[in-house]
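Q: Please take a close look at one part of this model and describe how it is put together. Begin with how neighbouring pieces of chain pair, then go on to what surrounds them.

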Amino acid sequence: MSDPNTAPEVAERLTVRVPPGTAWSAVSDVRRMGEWSPECRGAWLLGRGPIRPGTRFLGRNRASWLPWVTLCRVVEAVPGERFAFDVSFFGIPLSRWVYRFTAVPDGCEVTEEWHDRRRSLHGRLITATAPLLTGVVRRPARNRTTARATLVALRDALEAGR
């Protein structure tokens with residue numbers, strides 16, 4: 001379900017010295033993403049219960065002066081292996097974020113992928129106007145930088161036991 005038809009525009013990976021299940025539990029608790037991401041400030045879950053495909057949440061973001069909210073829907077939640085969600089803005093698909101957790105001798109490799117889904121006319125319109133609101137002109141370059149920073153902060157927090 002991790003968008004097998006397209007290669008990610010951004011893919012960053014980093015080894016974390018914790019078991020895959022520990023890293024998965026942290027990342028899949030989307031309310032905590034603001035602890036690690038330089039752009040995402042966290043999320044509000046819409047509904048109750050465990051994180052599973054179909055779970056929706058509002059992603060709170062800020063890149064420069066103006067914050068914005070996106071509607072997200074979990075599309076994949078395989079504990080210890082994969083976590084993915086789609087992001088939209090007023091019903092317009094923007095992206096899919098995919099996290100993969102692979103066991104390695106010292107813990108796990110966490111891969112963060114960004115799949116651009118702004119292919120429609122409305123998506124291209126958002127791409128053209130978003131820099132005025134978010135301050136982000138080159139979204140793929142920005143997402144590569146923030147994905148790397150997110151993984152480093154995640155690693156540092158998990159290895160410190162937070």
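A: **The sheet and its surroundings**

In this predicted model, strand S4 (residues 67-78) and strand S5 (residues 82-89) run antiparallel and are joined by 7 bridges. One residue pair can be picked out here: Arg 73 has Asp 86, in S5, as its bridge partner.

The two strands belong to an open sheet of 7 strands with antiparallel pairing. Read across the sheet, the order is S1-S7-S6-S5-S4-S3-S2. Strand S1 (10-16) and strand S2 (40-46) are the edge strands, each pairing on one side only. From one strand to the next, the twist averages 25 degrees.

Helix H1, made up of residues 20-28, lies across S4 and S5, and also across strand S6 (92-104) and strand S7 (107-116). Relative to S6, helix H1 runs at about 160 degrees.

A further residue to look at is Ala 157, which lies in helix H3 (residues 139-159). The relative accessible area of Ala 157 is 5%; buried means under 20%, so Ala 157 counts as buried. Once neighbours within four places in sequence are left aside, Ala 157 is in contact with Trp 36 and Arg 162. Ala 157 can also be placed relative to Val 16: the two are 141 residues apart in sequence, while their C-alpha atoms are 9.9 Å apart in space. Val 16 falls within the range of S1 (10-16), one of the edge strands.

Notes: Residues are numbered from 1 along each chain as its sequence is written. This is a predicted model: local features need pLDDT of at least 70, side-chain atom pairs count only at pLDDT 80 or more; totals for chains, interfaces and linings use all residues. Side-chain values use heavy atoms; hydrogens and water are left out. Two strands pair if DSSP finds at least two bridges between them. Helices (H or I, at least four residues) and strands (E, at least two) are DSSP runs, numbered from the N terminus. Axes are lines fitted to C-alpha atoms, for helices over the stretch in contact, and angles run from 0 to 180 degrees between N-to-C directions. Contact means heavy atoms within 4.5 Å. Buried means under 20% relative accessible area, exposed over 50%, partly exposed in between (1.4 Å probe, protein chains only).
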